[in-house]
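Here is a walk through one protein model, taken step by step. Keep the sequence and the 3D view side by side as you read.

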Amino acid sequence: MSLIVHEVHAVNGRHEDEFDALWRDEWIPALGRTDDARVLHFLRHAHGTGASYRVVTLTGVRDAEALGAMMARVDDGDLAALARRMDALRHDVDAKILRPLPWSEGVICLLYTSPSPRDARKYRVCRLLLEKGGGGGGG
C-alpha cells in the first residue's frame, strides 16, 4: 500500500525563492536516491487565495516501512542537514499521513510515474485524484 505525506509549509516570505530552490535542486534529488519515496507535487498558494507564503507538498511513500526509513533519513541520516536548512526558511509545517481508499487505484502507480534522478525519461505525467467528501452538501 502506498502512503502520501501531505505537508503545508509556512514559509518565511523573505526566503520564499530560497525555499523553492532548496526543494527543487536539493531535496527532490536527495529524496530520490532510494526507491522508497518521491515528491509528487509542490504547490504554492497564490497570494490572495489563502494564507500567504504557504507551500503544499505531497510525497508518495511506498509503505509504512519506507515511511519509517524516510523519517530516519530526516532525523539523523543523509536528509538531516537539508531538513535543518529547510526549517530555517519556514515558520511552521503541518503534516498528515494519507492512506488511499480502496477505490483510488491510481495512487498505487504514483511512485513509478514521478521523476527521479535515476529515471531515463525526464518528463512523466502523474495524476492525483482528490475527492472532497463528507456530509453537508457540496461533497
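A residue counts as buried when its relative accessible area is under 20%, as exposed when that area is over 50%, and as partly exposed in between. Keep those cut-offs in mind, and remember that this is a predicted model.

Start on the outside. Glutamate 65 is found in helix H2. Its relative accessibility is 68%, so glutamate 65 counts as exposed. Glutamate 65 also has a partner far off in sequence. Aspartate 36 is 29 residues away along the chain, yet the two C-alpha atoms are 8.9 Å apart in space.

Now take a residue between the two extremes. Valine 93 has its place in strand E4. With 29% relative accessibility, valine 93 counts as partly exposed, because 29% falls between the two cut-offs. Valine 93 and alanine 10 are 83 residues apart in sequence, but 6.0 Å apart in space, C-alpha to C-alpha. Which residues does valine 93 touch, leaving out those up to four places away in sequence? They are Glu7, Val8 and His9.

Those contacts lead to strand E1. This strand spans residues 3–11. Eight of its nine residues are buried, so E1 is largely enclosed by the rest of the structure. How do its partners run? E1 and E3 are antiparallel, joined by eight bridges. In this pairing, valine 5 stands opposite threonine 59 of E3. E1 and E4 are antiparallel too, and eight bridges join them. Here histidine 9 stands opposite valine 93 of E4.

Stay with histidine 9 for a moment. This residue is found in strand E1. Is histidine 9 buried or exposed? Its relative accessible area is 0%, so histidine 9 is buried. Its side chain makes a polar contact of 2.7 Å with the side chain of arginine 90. Histidine 9 has further contacts beyond its neighbours in sequence, including Tyr53, Val55, Met86 and Asp92. Two more of its contacts are Phe19 and Trp23.

Those two residues open the way to the next element. Phenylalanine 19 and tryptophan 23 both lie in helix H1. H1 covers residues 16–31 and is kinked by about 35°, with the kink centred on tryptophan 23. The buried residues of H1 are Glu16, Phe19, Asp20, Leu22, Trp23, Trp27, Ala30 and Leu31. What covers them? The cover includes strands E1, E2, E3 and E4, along with helices H2 and H3.

Several of these buried positions share a spacing. An α-helix has 3.6 residues a turn, so residues three or four places apart point the same way. Phenylalanine 19 and tryptophan 23 are four residues apart, about one turn of the helix. Tryptophan 23 and tryptophan 27 also lie four residues apart in H1, again about one turn.

Look at the rings next. How many aromatic pairs does the structure hold? The structure holds four. In one of them, the ring centres of phenylalanine 19 and tryptophan 23 are 6.4 Å apart and the planes meet at 45°, so the pair is tilted. Phenylalanine 19 is buried, with a relative accessible area of 0%. Tryptophan 23 is buried as well, at 1%. The rings of tryptophan 23 and tryptophan 27 have their centres 5.7 Å apart and their planes at 45°, so this pair is tilted too. Tryptophan 27 is buried, like tryptophan 23. Phe19, Trp23, Trp27 and Phe42 form one aromatic cluster.

Phenylalanine 19 reaches beyond that cluster. Leaving aside neighbours within four places in sequence, its contacts are His9, Val11, Phe42, Val55, Met86, Leu89 and Arg90.

The last stop is the core. In soluble globular proteins, nonpolar side chains tend to be buried together. Here the largest nonpolar core has 21 residues. Those with the most contacts inside this core are Phe19, Trp27, Leu31, Val61 and Met70. Which elements give two or more residues to this core? They are E1, H1, E2, E3, H2 and H3. H1 gives the most, with six residues.

Methods. Residues are numbered from 1 along each chain as its sequence is written. This is a predicted model: local features need pLDDT of at least 70, side-chain atom pairs count only at pLDDT 80 or more; totals for chains, interfaces and linings use all residues. Side-chain values use heavy atoms; hydrogens and water are left out. The bend at a residue is the angle between axes fitted to the seven residues ending there and the seven starting there. Buried means under 20% relative accessible area, exposed over 50%, partly exposed in between (1.4 Å probe, protein chains only). Contact means heavy atoms within 4.5 Å. Two strands pair if DSSP finds at least two bridges between them. Rings of Phe, Tyr and Trp (its six-membered ring) pair if their centres lie within 6.5 Å; planes under 30 degrees apart count as stacked, over 60 as edge-to-face and the rest as tilted. A polar contact is a pair of N or O atoms within 3.5 Å; within protein, one must be able to donate a hydrogen and the other to accept it, and residues adjacent in sequence count only if both atoms are side-chain atoms. A nonpolar core is a set of buried Ala, Val, Leu, Ile, Met, Phe, Trp, Tyr and Cys residues joined through side-chain atoms within 4.5 Å.
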